[in-house]
Amino acid sequence: MRVARGTLLLGLALSIFLPTLARAEESPRHAVELGGELAFARMLAPAPSHANELSRMNGGAALALGAAYRSPFLFTPFVELAYTPLYASDARTRFANPAGTIRSSSQAWSGVVGLGLDFDRIRFRAGIGLYDFAVDSTLGASTAKASELDMGYLFGFGATLLRRGRFRMGVDLRLGLVTDAETMFMSLGLTTTFDALVWGARPR
């Protein structure tokens, strides 16, 4: 029984690591990867109050630009800048004079550094960074803006669907946590990356 269990664990380990080692033999040893992502984001928490709302939009089109250092090893350091819309609504208010409709929106601008873990076409990512959490409110001709800089975390899972030379296209699912703002969001998007700089290719 122990022998069978050990054989099963060894087979599982080889199935995970052998594709990565094969990629190290076939691909450039080192690369600086530049990329972008267009995604649809949705705020998960906190739950907004829908009182007196006339219309609302949870999330929207998000954009991210990033760079990563890829090597034959499993780990891929990365840096990323992103814009994520969180929530927008039009609501009737009775507290203003005169009463009217107040339009509010919230969004986050972020800069994150982190580490990815590559398994052939699969990449797991985790990072930490700063999130500029901003809220805009407009009533008539008056607009009030507020923002705060908070620490946050990013967790992602990506898969490469197409590889052609230095170009890659894939999908990415991510979860973001903004700590002090107590805000959590997720997004699903399409990614495109390009190996802008490669060196140290292994001889064929």
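How many bridges join E5 to E6, and do the two strands run parallel or antiparallel? The views below, all of a predicted model, begin with the whole chain and reach that pair of strands in the second figure.

**Figure 1. Overview of the predicted model.** The protein has one helix and nine strands. Along the sequence these elements follow the pattern α-β-β-β-β-β-β-β-β-β. Of the 204 residues in the protein, 33% are buried. Contacts between residues at least 6 apart in sequence include many that span a longer stretch of chain: 61% of them join residues at least 24 apart.

**Figure 2. Strands E4, E5 and E6 and their pairing.** E4 covers residues 75–93, E5 covers 100–119 and E6 covers 122–139. E5 and E6 run antiparallel and are joined by 18 bridges, which answers the opening question. E4 and E5 also run antiparallel, with 18 bridges between them. One place to look on the E4 and E5 side is alanine 88, which stands opposite serine 105 in E5. On the other side, glycine 111 has leucine 130 in E6 as its bridge partner. In a regular strand, side chains alternate between the two faces of the sheet.

**Figure 3. The turn between E5 and E6.** Two residues lie between the strands of this hairpin. Aspartate 120 takes a positive phi there, near 55°.

**Figure 4. The largest nonpolar core.** This core has 13 residues. Leu86, Val112, Tyr131, Val178 and Phe185 touch the most other members. E4, E5 and E6 are the elements that give two or more residues to the core. The largest share, three residues, comes from E4. Val112 can be followed further: beyond its neighbours within four places in sequence, it is in contact with Phe78, Val79, Glu80, Gly127, Ile128, Gly129, Tyr131 and Leu154. Tyr131 is thus named twice, as a contact of Val112 and as one of the core members that touch the most others.

**Figure 5. The largest pocket.** Its volume is about 340 Å³. The lining has 19 residues, and Pro48, Tyr87, Ser89, Ser104 and Ser106 are the closest to the centre of the pocket. E4, E5 and E6 are the elements that give two or more residues to this lining. By class, the lining holds eleven nonpolar, seven polar and one charged residues.

**Figure 6. The largest cavity.** How many cavities of 30 Å³ or more are counted in the model? The count is four. The largest holds about 500 Å³ of space. It is lined by 35 residues, with Glu33, Arg123, Arg125, Thr191 and Thr193 nearest its centre. Strands that supply at least two lining residues each include E1 (30–45), E3 (60–70), E7 (142–164), E8 (167–178) and E9 (183–199). E4, E5 and E6 do so as well. The lining has eleven nonpolar, ten polar and 14 charged residues.

**Figure 7. The second largest cavity.** About 60 Å³ of space lies inside. Among the residues that line this cavity are Glu37, Ala39, Leu63, Tyr83, Arg174 and Ser187. Phe185 is also part of this lining, and Phe185 is one of the core residues picked out in Figure 4. E1, E3, E4 and E9 each supply at least two residues of the lining. By class, there are seven nonpolar, two polar and two charged residues.

Conventions. Residues numbered from 1 in each chain as written. Predicted model: local features only at pLDDT ≥ 70, side-chain atom pairs only at ≥ 80, totals over all residues. Heavy atoms only, no water. Core = buried A, V, L, I, M, F, W, Y, C linked by side-chain atoms within 4.5 Å. Buried < 20%, exposed > 50% of the residue type's maximum accessible area, 1.4 Å probe, protein only. Helix = DSSP H or I, 4+ residues; strand = E, 2+ residues; numbered from the N terminus. Contact = heavy atoms within 4.5 Å. 1 Å grid on protein atoms, 1.4 Å probe; cavity = no way out; pocket = protein on both sides within 12 Å on 5 of 7 lines; lining within 4 Å. Points joined across faces, edges and corners; volume = space filled by probe spheres on them. Nonpolar A, V, L, I, M, F, W, Y, C, P; charged D, E, K, R; others polar. Pairing = 2+ DSSP bridges.
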